[in-house]
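Okay, thanks for coming, everyone. Let me put the structure up on the screen, and then I'll talk you through it.

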Amino acid sequence: MTKKLYDYQMDDRFEIFLLIKSVAERKTRAGKTFLSITFQDTSGEMQGNLWDASQEDIEKYQPGMVVNLKGKREEYNGQAQLRIDKMRLAIEGEAKNPRLYVKRAPFTPEEMIEKLNEVIFDITNPKMNRIVRYLLNKYSSVFFEAPAAKTNHHAFNGGLAYHTISMIEMAKTIVDYYPNINASLLYSGLILHDLGKVIELSGPTATEYTLEGQLIGHIVLIDQEIVLACRELKIDNDAEAVLLLRHVILAHHGLLEYGSPVRPQVKEAEIIHYLDQLDAKINMMEDELTKTEEGEFTPRIWAMENRSFYKPSIHSNNQSKED
């Protein structure tokens, strides 16, 4: 069985094929050029530096390229990294398809489509139902393969739809427990809250922000899409159902400094904000904990206040392996 990036332990030497996810050209204090490269395969990502990079190296090693890498796994400032001894581009006859190295959601697109279709039947408000169906149909070709982020949470093929479905599954429990919640508004907001990321991000392979993503951002982009959908569907854009739907999406980051134009002012908006936070943070922790030995701490997670998390040897059934 071919070993993956995170199958190698500290100080292990390796020869492996990896996808270049991102490249940054930098200078040492002495003024020499080097490339800071983030590599990935389906097990995760790791950074390495190509020292004394030539102009040919800069032109050759671009995001989305598959390389054969020889080197050693090391550690720097508590973070695993790769020491590059030798690197070349993959050639014909080798596993050079970038999609082979991209992590995927645990559900197939067909399974995720089925799960979304089920909850759409619970959106009984006709205006919200029509808007949701229209926009899902408009972006269905990319939604089920899109990542939810460039880095941090659900940054993999199908991550956006998987993140959406995870939030919906949690929301179902809340709706059952609190009968006065507007399920139509909650489910519609959850389905659409991050749909703008299909415009904001370039795709699951070597993900980058598009120009629209950098200058406008996914929250405003999906708000614009709702307005355009209402125009196409002949729905009054000033109708309360539309204003509420736009509000829960515009407010889902919770705070102005986190990118939301407004703070939550209806309970469904507050719920969406916390479900979004909860699912994103669980995913970030799980991603690092799966690569961490029991009894050890994860590397610091930048998006979680640079904290490390401990992986207990006591399992969820309150018994250790030894027991």
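I'll go through confidence, then the barrel, then the pockets, and finish with a few backbone oddities.

So, to be clear up front, what you're looking at is a predicted model. How good is the confidence? The protein chain averages a pLDDT of 92, and 97% of the residues score at least 70. There is a weak patch, though: over residues 318–323 the pLDDT drops below 50, and beyond near neighbours in sequence that stretch makes seven contacts in the model. Where pLDDT is low, the predicted coordinates should not be read in detail, so please don't lean on those contacts over 318–323.

Right, the barrel. Five strands close up in the order 1-2-3-5-4, with mixed pairing. On average, neighbouring strands of this sheet are turned by 50° against each other, ignoring direction. As a reminder, strands of a sheet pair through backbone hydrogen bonds, either parallel or antiparallel.

Which partners does strand 5 pair with in each sense? On one side there's strand 4, residues 66–76, running antiparallel to strand 5, residues 79–89, with ten bridges joining them. On the other there's strand 3, which pairs with strand 5 in the parallel sense over three bridges. If you want a landmark for the parallel pairing, find Gln47: its bridge partner in strand 5 is Gln81.

Now follow strand 4 to its end. Glu75 sits opposite Ala80 of strand 5, and Tyr76 sits opposite Gln79. Strands 4 and 5 make a hairpin with two residues between them, and in that turn Asn77 has a positive phi of about 55°.

Okay, pockets. The largest one holds about 1300 Å³ of space. It's lined by 43 residues, and the ones nearest its centre are Thr38, Glu45, Gln79, Thr151 and Glu288. Yes, that's the Gln79 we just met across from Tyr76. Which elements give two or more residues to this lining? Those are strand 1 (13–27), strand 2 (33–41), strand 3 (44–50), strand 5 and helix 11 (267–289). By class, the lining splits into 16 nonpolar, 17 polar and ten charged residues.

The second largest pocket comes in at about 790 Å³. Its lining has 23 residues, with Asn152, His153, His253, Gln277 and Ala303 nearest the centre. Helix 7, residues 197–200, and helix 11 each supply at least two lining residues here. Which of them gives the most? That's helix 11, with five residues. The class breakdown for this pocket is nine nonpolar, seven polar and seven charged. So keep an eye on helix 11 when you turn the model around: it contributes to the lining of the largest pocket and to that of the second largest.

Last bit: backbone. Besides Asn77 in the hairpin turn, I've got a couple of non-glycine residues with positive phi to show you. Asp11 has phi near 75°, and you'll find Asp11 in the segment before strand 1. Then there's Lys234, with phi near 60°, sitting in the loop between helix 9 (218–233) and helix 10 (240–250).

That's what I had, so over to you for questions.

Methods
Residues are numbered from 1 along each chain as its sequence is written. This is a predicted model: local features need pLDDT of at least 70, side-chain atom pairs count only at pLDDT 80 or more; totals for chains, interfaces and linings use all residues. Side-chain values use heavy atoms; hydrogens and water are left out. Two strands pair if DSSP finds at least two bridges between them. Helices (H or I, at least four residues) and strands (E, at least two) are DSSP runs, numbered from the N terminus. Axes are lines fitted to C-alpha atoms, for helices over the stretch in contact, and angles run from 0 to 180 degrees between N-to-C directions. pLDDT is the predictor's confidence in each residue, from 0 to 100. Contact means heavy atoms within 4.5 Å. On a 1 Å grid over the protein atoms alone, a cavity is a set of points where a 1.4 Å probe fits but cannot get out, and a pocket is an open set with protein on both sides within 12 Å along at least five of seven lines; lining residues have an atom within 4 Å of a point. Grid points are joined across faces, edges and corners, and a volume is the space filled by probe spheres set on the points. Ala, Val, Leu, Ile, Met, Phe, Trp, Tyr, Cys and Pro count as nonpolar, Asp, Glu, Lys and Arg as charged, and the others, Gly among them, as polar.
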